[in-house]
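User: I should like to go through this structure by question and answer. Please reason briefly each time and finish with the value or name requested.

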Amino acid sequence: MTDNQFFGNLQDHFDKSLPFVAYRKPNLNEVNAFLQSDNRVYKTINFQEKGFIFSPFNNLDDTILIPLEKSEKINLLFNFSNIEKLSDLVKNEDSLQKQQHIILIKQGIEAIKQKAFKKVVLSRKEIIDIENRNTIDVFKNLLKTYKSAFVYCWYHPRIGLWLGATPETLIKIEGKRFSIMALAGTQEFKGSLDVTWRQKEVHEQKVVTDFIVENLKPLVENSNISETVTVKAGNLLHLKTIVTAKLKRNSTLTDLISALHPTPAVCGYPKNKAKQFILENENYNREFYTGFLGELNLENNRSPRASKRNIENRAYTVIKKSTQLYVNLRCMQIKDKQALIYIGGGITETSNPEKEWEETVSKSLVIKSVLN
Ligand SMILES: C=C(O[C@H]1C=CC=C(C(=O)O)[C@@H]1O)C(=O)O
């Protein structure tokens, strides 16, 4: 399929008000899409279904499914050779927004000092007029600009239109083996990955890793924790640890998701107290921001490794169910000719409110730079 046919199909589906998702996994050239054939809202019941899911921050709300069996699946090998240099942006300082966000951060720090919880991720929504900017063109810009991110465009006429380029994996699971990413701590990328991290960021990220390890314990065996490394995501650097393990025979994907989501990378610690503070104090609805999205139970045909092949099993391929879910960060919703950009950051006792505000400004550039 050519670029024109692929993106033309997406545009056509959008013009007919039919649901679709198009996405590209980190560092791959293949762009996939599920084009749903009707406009019904399907939901997951137990994460046993096959398709593409889109789940909100609030784990009590429904997870939307684009079912494999109701969709046409198309794909494209996207050519990244002619990457456009997108213009550099001047950071905007909206004083009212700044004032409001700083008040929220101070409330968070105060609650931590009062021992209500140890960490909370506080966020805001920034609104930008985009006139008649074509959504599919914005999606192409995201694909070209953020090769190491999970880039997507998700549309349902009854729910909304979302796009993003997230650096964070929630879970990758194949058969019973899985990996989980603990990503947190932010600083601006200034040309090198060899940087020093302050105690605040190290602590904020460790809270995420510890939470994952602790909550997985009853469900898994053979777990392993990687070293913590610095990774680049657009104009930013983060700290990342990978936890790998095997699900116990009786544990399910639903158990895993409810043990994890929302992690302290997007909510806080302890989870329920931080979540309650967010729902009561952020003063807006995050909807799908800091939720998760991705492929659910798709079958991957794998040929056995060459070394394992012999005459008898040469024709034999292993079919494994694979789920790859990403945390919905660095994203926007497009509504009424406006882009609603969602950005947040982890607050701990030693947070500096002014710096936390600036962090959200830096994070907002990930999306703003593709809207030009
Ligand atoms: C909540 C966001 O980022 C999370 C992921 C990486 C780093 C984060 C931080 O440094 O605060 C956040 O935990 C966001 O980008 O809106």
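User: Which residue in β14 stands opposite Val231?

Analyst: In this predicted model, β13 covers residues 229-233 and β14 covers residues 236-247, and the two strands pair in the antiparallel sense over five bridges. Within this pairing, the residue of β14 that stands opposite Val231 is His238.

User: Which residue in the turn between β13 and β14 has a positive phi?

Analyst: The two strands form a hairpin, with two residues between them. The turn includes a residue whose phi is positive, at about 60°, and this is Gly234.

User: In what order do the nine strands of the open sheet follow one another?

Analyst: The pairing in this sheet is antiparallel. Its edge strands are β6 (71-77) and β15 (268-269), each of which pairs on one side only. Read from β6, the order is β6-β2-β1-β8-β9-β18-β19-β7-β15.

User: Which residue of β19 is the bridge partner of Lys125?

Analyst: β7 and β19 pair in the antiparallel sense, over ten bridges. One bridge joins Val121 to Gly346 in β19. For Lys125, the partner in β19 is Tyr342.

User: What angle does the direction of helix α2 make with that of β7?

Analyst: Helix α2 spans residues 95-113 and packs on the sheet, where it touches β7 and β19. Its direction and that of β7 make an angle of about 170°.

User: At what angle to β19 does helix α7 run?

Analyst: Helix α7, residues 353-368, lies across four strands: β7, β9 (160-166), β18 (331-335) and β19. Relative to β19, helix α7 runs at about 140°.

User: Which residue in β15 stands opposite Val120?

Analyst: β7 and β15 pair in the antiparallel sense over two bridges. In β15, the residue opposite Val120 is Gly268.

User: Which elements give two or more residues to the shell around the ligand?

Analyst: There are 17 residues around the ligand, and those that come nearest are Ala184, Thr186, Gly344, Gly345 and Gly346. The elements that each contribute two or more residues to this shell are β7 (119-129), β11 (177-188) and β19 (338-347).

User: How many residues of the shell around the ligand are charged?

Analyst: Sorted by class, the shell has seven nonpolar residues and seven polar ones. The number of charged residues is three.

User: What is omega for the cis peptide bond that joins His261 and Pro262?

Analyst: Pro262 is found in the loop between α5 (253-260) and β15. The peptide bond from His261 to Pro262 is cis, and its omega is about -10°.

User: What is omega for the cis peptide bond from Tyr269 to Pro270?

Analyst: Pro270 is placed in the loop between β15 and α6 (271-281). The bond from Tyr269 to Pro270 is cis, with omega near -5°.

User: What is the phi of Glu131?

Analyst: Glu131 lies in the loop between β7 and α3 (135-145). Although Glu131 is not a glycine, its phi is positive, at about 50°.

User: What percentage of the chain is strand over residues 320-363?

Analyst: An unreviewed UniProt entry carries the annotation "domain: Chorismate-utilising enzyme C-terminal" for residues 98-300 and 320-363. Over residues 98-300 the chain is 32% helix and 38% strand. Over residues 320-363 the chain is 25% helix, and the strand content is 52%.

User: What pTM does the model score?

Analyst: The protein averages a pLDDT of 92, and 92% of the residues score at least 70. The ipTM is 0.98, and the pTM is 0.94.

Definitions and conventions:
Residues numbered from 1 in each chain as written. Predicted model: local features only at pLDDT ≥ 70, side-chain atom pairs only at ≥ 80, totals over all residues. Pairing = 2+ DSSP bridges. Near = placed C-beta within 6 Å. Nonpolar A, V, L, I, M, F, W, Y, C, P; charged D, E, K, R; others polar. UniProt positions renumbered as here; feature names shortened; annotations may be inferred. Contact = placed C-beta atoms within 7 Å. Axes fitted to C-alpha atoms, helices over the stretch in contact; angles between N-to-C directions. pLDDT = per-residue confidence, 0-100.
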